[in-house]
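Subject: Structure handover

Hello,

Here is the structure I said I would pass on. My notes on it follow below.

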Amino acid sequence: MCLSVLLLAPFFDAGQSRAEPEDIPGEVISADSPDAVKYGKLRDLIETSLEAETRNLSQLKDQLQSLEKFDKAILTEVNAYEIQFSTHSNLIHLPQVQVKELEKAWNMHSEALKNISTRMEDIRTALEEVVRQQEFSAEQYELNVRQLESVKTELPANPLTEKLVSNMEALIRQLGDKRDILEKKRAIYDHALNSVTAIHQKLTDFLPKFEQALRDKKKEALFTRKKNTAQPFLFNQIDDEIVSTFRQVDAVLVREYKTMARRIGEKGYFPVATFLALIAAVFFLMRKLRNYLLALDEHHHIGEQYPWRHLTLHLLCKSLPLTGLMLFMRLYGHIRDLYAPLPVFQLLCYLLFFWLLSQWAIDFLKLWREKGAPKMPVLLMRRLRILLQVIRYFGLCIVLSHWLIGDSLFLLWLRMAFETTLLIWCVRFWKAFWRPETWQPAGKMPRKGGRMNLFTGLSYTIAVGGMILEAVGFGVFARYWYVSWGITAVSLLWACLTFYLLREWGRKFKAASAATTKGETPATAPLQWFSLHICWLLWIETLFLSLGFAWHLEKPDFIANYVRFLKKPLPTEGLDLSLWSVTWAVIFLLMTQSASRLWRKILLEKLPAGSIDRGLKNSIIIISVYLMWIIGILIALGSIGVDTKSLTVAFGALGIGLGFGLRNIFDNFFSGLILLFERPIQVGDVIEVNNIWGEVKNINVRSTLIQTYDNASLIIPNSDLISRQVTNWSFKDIRIRRNIFVGVAYGTDAELVRQTLMDAAENVEIALKYPKPDVLFTDFGNSALTFRLRVWTDVDSCLAVETGIRFEIDRLFREKNITIPFPQRDLHIRSAVPPPSPGPEEGEV
């Protein structure tokens with residue numbers, strides 16, 4: 001399509017002109033010459049380009065005509081959406097509009113938004129393609145124009161050149177026409193895209209107002225009292241009501257049938273076949289999963305060790321296929337957006353959800369009778385099953401009737417029949433419950449008061465409260481009352497099951513953790529600890545979530561509203577504080593705690609005892625754990641919006657606190673870091689502090705734990721170990737030399753004593769043979785010759801060695817008649833002169 005000067009260069013020389021043989025007399029070019037061959041190829045290239053552009057131009061003209069019709073169709077569609085928007089805008093302001101009409105209008109509005117979004121994407125894609133074609137056509141046009149000018153200026157005038165110029169000019173004209181048509185197509189697409197974008201923006205802006213109006217209308221209907229409360233008792237209207245009911249059912253079924261037929265006609269049968277195939281696959285997988293879990297439970301005998309886990313697992317497995325089917329339909333409906341165009345699909349989801357809730361309660365009663373405790377009389381169990389069956393089938397009939405005929409007299413009679421049946425059941429159940437003969441086969445009857453009075457009053461409150469609400473005209477609120485209590489009951493059922501399950505798990509975990517000193521703690525203990533705490537956190541969140549869902553007015557929008565509530569910022573300055581961020585901060589801290597425990601256990605197990613010093617290993621573990629905690633705390637602080645600026649302020653405040661009450665704490669902290677890095681004292685060292693011997697068990701952030709040989713624990717601040725004198729008996733070498741002093745009587749052979757002491761040291765096996773023991777003659781005492789036996793041993797055996805040597809010395813001294821003298825003292829008594837006796841007094845004879 002493009003003519004290149006390089007292709008023309010071989011046909012023309014700078015000082016010579018060439019022409020075709022029939023057009024240039026005097027110069028005959030052979031048909032087999034290279035120039036003629038090249039000219040033929042070039043001519044074929046130009047002609048092919050002209051033919052291709054002619055066909056392309058014809059197609060573009062046809063597309064332009066179709067696009068003009070498309071523009072008119074888009075304009076008509078936009079006008080229809082404008083009319084629908086105006087209708088809905090007026091509808092939300094009408095005071096007498098019904099909730100069902102608003103829901104129908106909202107479905108139409110959602111469907112319109114979906115269609116407009118699809119249309120926008122299609123137009124945008126087509127517009128991008130037209131723009132790409134425009135850019136390519138413009139490049140084509142400019143290149144051919146430049147090449148035409150080059151041919152006209154550089155090549156000599158002759159018939160060959162004129163032929164080439166003519167063909168090139170025709171090609172350029174076609175490219176120009178193509179450019180004009182693409183410009184018109186782009187203008188049409190731009191106009192259509194602007195129109196669709198404008199109506200899409202208008203409908204999108206109106207959507208929150210529409211949703212708010214629908215929520216307000218539902219709240220108003222919920223708390224609005226009907227004026228004609230005697231309507232249920234007008235039995236003379238039965239015939240008319242039956243006829244009206246059948247007409248409404250027929251109209252709804254015909255409408256839904258036409259809707260499904262139209263959708264199948266648009267999409268074909270392939271989506272339907274795919275949906276059915278996916279349902280079959282989900283059902284098959286859920287059954288396989290159920291069989292696997294039951295086999296796992298039977299293989300590991302979970303019921304013997306974990307009865308609550310066994311009960312919960314069996315309850316879940318019984319409803320697993322139905323649960324998987326319901327979740328799949330909800331997820332499929334949201335992904336494919338089937339709720340608005342197919343109301344029957346939403347009805348099926350509601351029916352499955354209601355059936356699942358009742359199935360959980362029925363299965364729980366069966367399992368409780370088989371494996372639970374305490375036992376309940378058969379009569380009461382039967383009546384509880386009757387209650388659940390009544391709730392199931394009445395509920396299904398009410399939901400289906402409400403979808404088919406709306407709030408009609410027939411539906412009101414159906415609800416009142418259910419309420420009357422529920423009240424009669426309460427009276428008969430509690431009357432039988434408090435009869436002593438009911439409990440004779442099963443056991444002792446519960447005492448009145450406390451929880452039983454609470455259950456009795458609650459059941460009567462639910463039954464009588466709904467009937468009173470229905471009788472005074474609050475039918476919508478009565479329906480909300482029963483639905484909320486039903487979801488609450490099922491939520492509390494699962495909450496109690498999971499509570500006892502987690503408590504059972506926690507007790508088993510504590511029992512396993514108590515065996516740490518015996519070396520029986522499993523390697524997965526940190527992960528179990530983390531999982532247990534995360535499960536408790538999820539239990540609390542799920543409990544509040546389920547109870548909130550039960551009593552929320554807009555149950556379909558509850559999840560979004562709940563997440564919005566969690567993410568709502570709390571009134572704090574400088575922090576992005578919310579319940580959502582606090583929850584994530586707690587999760588990060590729990591993850592850090594679990595990771596630090598797991599890391600500590602991995603290092604203790606993977607680092608061999610002989611490959612690295614025990615104290616160095618402990619220092620590596622503690623320092624790495626500190627780093628993990630620093631990272632975890634920073635991530636947790638970041639999740640609640642604490643940035644570097646806030647941390648700078650916080651550290652400044654801590655710096656001020658160091659000068660006041662926190663000085664000792666930080667002194668001990670940094671002293672602990674010095675102990676870990678410098679390692680003058682390590683875990684496992686035997687030290688002496690204030691004449692007390694002990695082994696270092698742990699070096700913590702603030703203090704060091706020392707266990708004495710009397711099994712007492714000394715908690716010494718780290719700063720005392722750094723600033724005061726501490727004797728480390730196993731710093732570089734665990735060997736220690738002990739001195740044993742012995743005194744013998746004067747006159748004993750000193751050489752015999754020395755040899756005896758050496759024999760005593762050699763006879764004790766746990767004493768070290770190298771360095772060799774030796775004996776020193778230390779002094780001539782007052783009553784004995786003093787000798788000192790110096791013997792080497794290790795720190796752990798020093799007391800045993802000293803004791804063993806003393807026993808051996810005593811034995812050898814007795815055998816060799818070596819005497820250990822008693823201390824002797826010389827006592828000298830000197831006689832005193834008696835004092836003179838007094839003389840007689842004067843006057844005495």
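Two strands are taken to pair if DSSP finds at least two bridges between them. Strand 1 (residues 686–689) and strand 5 meet that condition, because they pair over 2 bridges, in the antiparallel sense. Please keep in mind throughout that this is a predicted model.

Overall picture

The protein has 845 residues, of which 38% are buried. Its secondary structure consists of 23 helices and 8 strands. Of the contacts between residues at least 6 apart in sequence, 72% join residues at least 24 apart.

The sheet

Strand 1 and strand 5 belong to an open sheet of 5 strands, with order 4-3-2-1-5 and antiparallel pairing. Its edges are strand 4 (713–717) and strand 5 (727–728), each of which pairs on one side only. At the strand 5 edge, Thr-727 is the bridge partner of Glu-688.

At the other edge, strand 4 pairs with strand 3 (residues 703–708) in the antiparallel sense over 5 bridges. Here Ser-703 has Pro-717 of strand 4 as its bridge partner. Strand 3 and strand 4 form a hairpin with 4 residues between the strands, and Asn-711 in this hairpin takes a positive phi near 65°.

Helices 12, 13 and 14

Helix 13 takes part in two of the packings I looked at, so I describe them in turn.

Helix 12 (residues 409–433) packs on helix 13 (residues 451–471) at an angle of about 160°, and the axes are 9 Å apart. Angles over 145 degrees count as roughly antiparallel, so helix 12 is roughly antiparallel to helix 13. Their crossing is left-handed. On the helix 12 side the contact includes Leu-412, Arg-415, Met-416, Glu-419, Leu-423, Trp-430 and Phe-433; on the helix 13 side, Met-452, Phe-455, Tyr-460, Val-464, Met-467 and Glu-470 are among the residues involved. By class, this contact has 14 nonpolar, 4 polar and 3 charged residues.

Helix 13 also packs on helix 14 (residues 475–513), again at about 160°, with the axes 7 Å apart. The same cut-off makes helix 13 roughly antiparallel to helix 14. This crossing, too, is left-handed. Helix 13 contributes Leu-458, Thr-461, Ile-462, Ala-463, Gly-465, Gly-466, Met-467, Leu-469 and Glu-470, while helix 14 contributes Gly-475, Phe-477, Ala-478, Trp-481, Tyr-482 and Trp-485. The residues of this contact divide into 10 nonpolar, 4 polar and 1 charged.

Some helix 13 residues occur in both contacts: Ala-463, Gly-466, Met-467 and Glu-470 touch helix 12 and also helix 14.

Ala-760

One single residue is worth a look while you have the model open. Ala-760 is found in helix 22 (residues 750–763). Is Ala-760 buried or exposed? Its relative accessible area is 0%, and buried means under 20%, so Ala-760 counts as buried.

Which residues does Ala-760 contact, leaving aside its neighbours within four places in sequence? They are Ile-805, Glu-808, Ile-809 and Leu-812. In addition, the C-alpha atoms of Ala-760 and Arg-811 are separated by 8.9 Å, the two residues being 51 apart along the chain.

Regards

Note on methods. Residues are numbered from 1 along each chain as its sequence is written. This is a predicted model: local features need pLDDT of at least 70, side-chain atom pairs count only at pLDDT 80 or more; totals for chains, interfaces and linings use all residues. Side-chain values use heavy atoms; hydrogens and water are left out. Axes are lines fitted to C-alpha atoms, for helices over the stretch in contact, and angles run from 0 to 180 degrees between N-to-C directions. Angles under 35 degrees count as roughly parallel, over 145 as roughly antiparallel, 65 to 115 as roughly perpendicular and the rest as oblique. A crossing is left-handed if the near helix is turned anticlockwise from the far one by less than a right angle, and right-handed if clockwise. Contact means heavy atoms within 4.5 Å. Ala, Val, Leu, Ile, Met, Phe, Trp, Tyr, Cys and Pro count as nonpolar, Asp, Glu, Lys and Arg as charged, and the others, Gly among them, as polar. Buried means under 20% relative accessible area, exposed over 50%, partly exposed in between (1.4 Å probe, protein chains only).
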